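Colleague: I'm still new to reading structures, so could you pick one small part and walk me through it slowly? A close look at a single contact and its surroundings would be great.

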Amino acid sequence: MAQLMVGQTAPAFTLPAVGPAQTVSLAGLLESAREGVIVYFYPAALTPGCTTEACDFRDSLASLTAKGYAVVGVSPDKPEKLQRFATQEALTFPLASDPDHAVADAYGAWGIRKLYGKEHVGLLRSTVVIGLDGKVVLARYNVKATGHVARLRVLLGIDAPN
């Protein structure tokens, strides 16, 4: 599937999750937000890069929530692994399981990626911000785990640019 563009309607989803609820949906997240929803896709729980990114979201959650954003992490991992990840890293936002990568594909976050110099098909580390109207307001693909949340905070107006 093609990557989403600003102004497009974000695909609806409902996925099994760990965290505050057993399932998470885009509609439910939009209802709970005052500004929008941050959907971030990560390749695998309990790996160094994904842990860095998840902990950055965890550490920024209070300011993201204060600004009106709900956050959900989506990976192809099964709920059992996501639960270990959430517990180990004290993650308090929902982590959604997308084992058949249908949601990642719909969001353009599934495709060809490079790992150790070789190309293979898999999840592209990506973040999509969706406004209350269900439209994409920001879409970033193939982001680096380190520093991504800090850049996102600037783009969302939480922090001033350096």
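Modeller: Sure, let's start with a pair of charged side chains: D159 and R153 form a salt bridge, and their closest N and O atoms are 2.6 Å apart. Keep in mind that this is a predicted model.

How open are the two partners? D159 is partly exposed, at 30% relative accessible area. R153, on the other hand, is buried, with a value of 13%. The cut-off that matters here is 20%: anything under that counts as buried, so R153 at 13% falls on the buried side, while D159 at 30% does not.

Now zoom out from R153 to the helix it sits in. Helix 5 covers residues 148–155, and its buried residues are H148, V149, L152 and R153. Look down the axis of this helix and you'll find those buried residues within an arc of 140°, so they line one face of helix 5.

What lies over that face? The cover for the buried residues of helix 5 includes two strands that we'll come back to, strand 8 (126–131) and strand 9 (136–141), as well as strand 3 (36–41) and helix 2 (48–66). And if you follow the chain past the end of helix 5, you meet G157, which has a positive phi, near 80°.

Back to those two strands. Strand 8 and strand 9 pair antiparallel, over 5 bridges. To see one of these pairings for yourself, find T127: its bridge partner in strand 9 is R140. The two strands make a hairpin, with 4 residues between them, and in the turn G134 has a positive phi of about 85°.

Helix 2, another part of the cover, gives you a second salt bridge to try. Here the side chains of D59 and R58 meet, at 2.8 Å from N to O. D59 is exposed, with a relative accessible area of 55%, whereas R58 is partly exposed at 26%.

For a further example, go to D77 and K81, a salt bridge whose closest N and O atoms are 3.5 Å apart. In this pair the acidic partner is the hidden one: D77 is buried at 9% relative accessibility, and K81 is partly exposed at 24%. The structure holds 4 salt bridges in total, so you've got another one left to hunt down yourself.

Definitions and conventions: Residues are numbered from 1 along each chain as its sequence is written. This is a predicted model: local features need pLDDT of at least 70, side-chain atom pairs count only at pLDDT 80 or more; totals for chains, interfaces and linings use all residues. Side-chain values use heavy atoms; hydrogens and water are left out. Buried means under 20% relative accessible area, exposed over 50%, partly exposed in between (1.4 Å probe, protein chains only). The arc is that of the directions from the helix axis to the C-beta atoms. Contact means heavy atoms within 4.5 Å. Two strands pair if DSSP finds at least two bridges between them.
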